[in-house]
Amino acid sequence: NRRMVGSISIDESMPGGGSISGQANCIFDDDGWYFVCGGQVTMPSNPYVTSVSLALLFGDYPIANEQPVKDVFTEYSYDGSLPDAFANNISGFYFDGKIEMPIPYVPNFEMDFVVVSVEFEAGITAGFQLGMNFTEALNTYYTGLDASIHVHAGVGQSLIWGCAGVNFDANVGL
């Protein structure tokens, strides 16, 4: 088939309760080449950053039907997909990453009082993007910054004859 395909994945636990996971894929054939990779590091005991992830794509290839590219950007990018200008053909590069962190001085907690449980979580997610795509139809230069704050609160009750609960979720993005 005159095609070379490569892939690798990693999913490891780190000392202190964190983890590192990722995958990389590449193709070289008559249509061109691409290299895509993504990874995430989680640090639940870090008071400043809970996770960092990054998705990278380099190449000169028609990627519209390439599932490995979609999978990497679904899992590791801020928005979960490639922008429209990069979704069908890549002839350049595109990076997309995100950082998740707790809101300073706002505690996250979950408590269970046998009959009633209470939970509260608040966090900040920041994203960044950078790319250049030099296709025959149009040259695209892409950069972006994103940020969002999410808040989740919930109260639940569990009795022998039934359960009830109330949840509140809010997201504000920029």
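Me: Why does Lys98 count as buried?

Reply: Keep in mind that this is a predicted model. Lys98 comes out at 15% relative accessibility, and buried means under 20%, so the label fits. Lys98 lies in strand β5. Leaving out residues up to four places away in sequence, Lys98 touches Ser51, Val52, Ser53, Ser77, Tyr78, Thr125, Ala126, Gly127 and Phe128.

Me: And what makes Thr42 partly exposed?

Reply: Thr42 has 22% relative accessibility. Buried needs a value under 20% and exposed one over 50%, so Thr42 falls in between and is partly exposed. Thr42 sits in strand β3. Not counting residues up to four places away in sequence, it touches Met14, Gly18, Ser19, Thr50 and Ser51.

Me: What makes the link between the side chains of Thr42 and Ser19 a polar contact?

Reply: The distance is 2.6 Å, and the cut-off is a pair of N or O atoms within 3.5 Å, one able to donate a hydrogen and the other to accept it. The pair therefore counts as a polar contact.

Me: Which side chain does His152 make a polar contact with?

Reply: That of Asp169, at 2.6 Å. His152 is found in strand β8, residues 139-159. His152 is buried, because its relative accessible area is 18% and the limit is under 20%. Not counting residues up to four places away in sequence, His152 touches Glu119, Phe120, Glu121, Asn167, Phe168 and Asp169.

Me: How do you know that Cys26 has no disulfide partner?

Reply: The closest cysteine sulfur, in Cys37, is 11 Å from the sulfur of Cys26. A disulfide needs the two sulfur atoms within 2.5 Å, so this pair is too far apart for a bond. By this rule the count comes to 0 disulfides.

Me: Are Cys26 and Cys163 buried or exposed?

Reply: Cys26 is buried, with a relative accessible area of 19%, and that is under the 20% limit. Cys163 has 67%, and exposed means over 50%, so Cys163 is exposed.

Me: Why are the buried residues of α1 said to be on the same side?

Reply: The residues in question are Val69, Val72, Phe73 and Tyr76. They cover an arc of only 90° around the axis, which puts them on the same side of α1. What covers them includes β2 (19-29), β3, β4 and β5.

Me: Which residues touch the most other members of the largest nonpolar core?

Reply: Of its 15 residues, those are Tyr34, Val36, Leu57, Ile63, Val69, Phe73 and Leu82. The elements giving two or more residues to this core are β3 (32-42), β4 (51-62), α1 (67-76) and β5 (89-102), and α1 gives the most, with 4 residues. As for Tyr34, its contacts beyond four places in sequence include Leu57, Ile63 and Val69.

Me: What makes strand β6 hardly covered?

Reply: Strand β6 spans residues 109-113, and the count of buried residues among its 5 residues is 0.

Me: How do you know that β6 and β7 pair?

Reply: Pairing needs at least two bridges, and β6 and β7 (residues 116-134) have 5, in the antiparallel sense. The two strands therefore meet the rule. Asp112 stands opposite Ser117 in β7. The hairpin of β6 and β7 has 2 residues between the strands, and there Val114 takes a positive phi near 65°.

Terms used:
Residues numbered from 1 in each chain as written. Predicted model: local features only at pLDDT ≥ 70, side-chain atom pairs only at ≥ 80, totals over all residues. Heavy atoms only, no water. Buried < 20%, exposed > 50% of the residue type's maximum accessible area, 1.4 Å probe, protein only. Core = buried A, V, L, I, M, F, W, Y, C linked by side-chain atoms within 4.5 Å. Contact = heavy atoms within 4.5 Å. Arc of directions from axis to C-beta.
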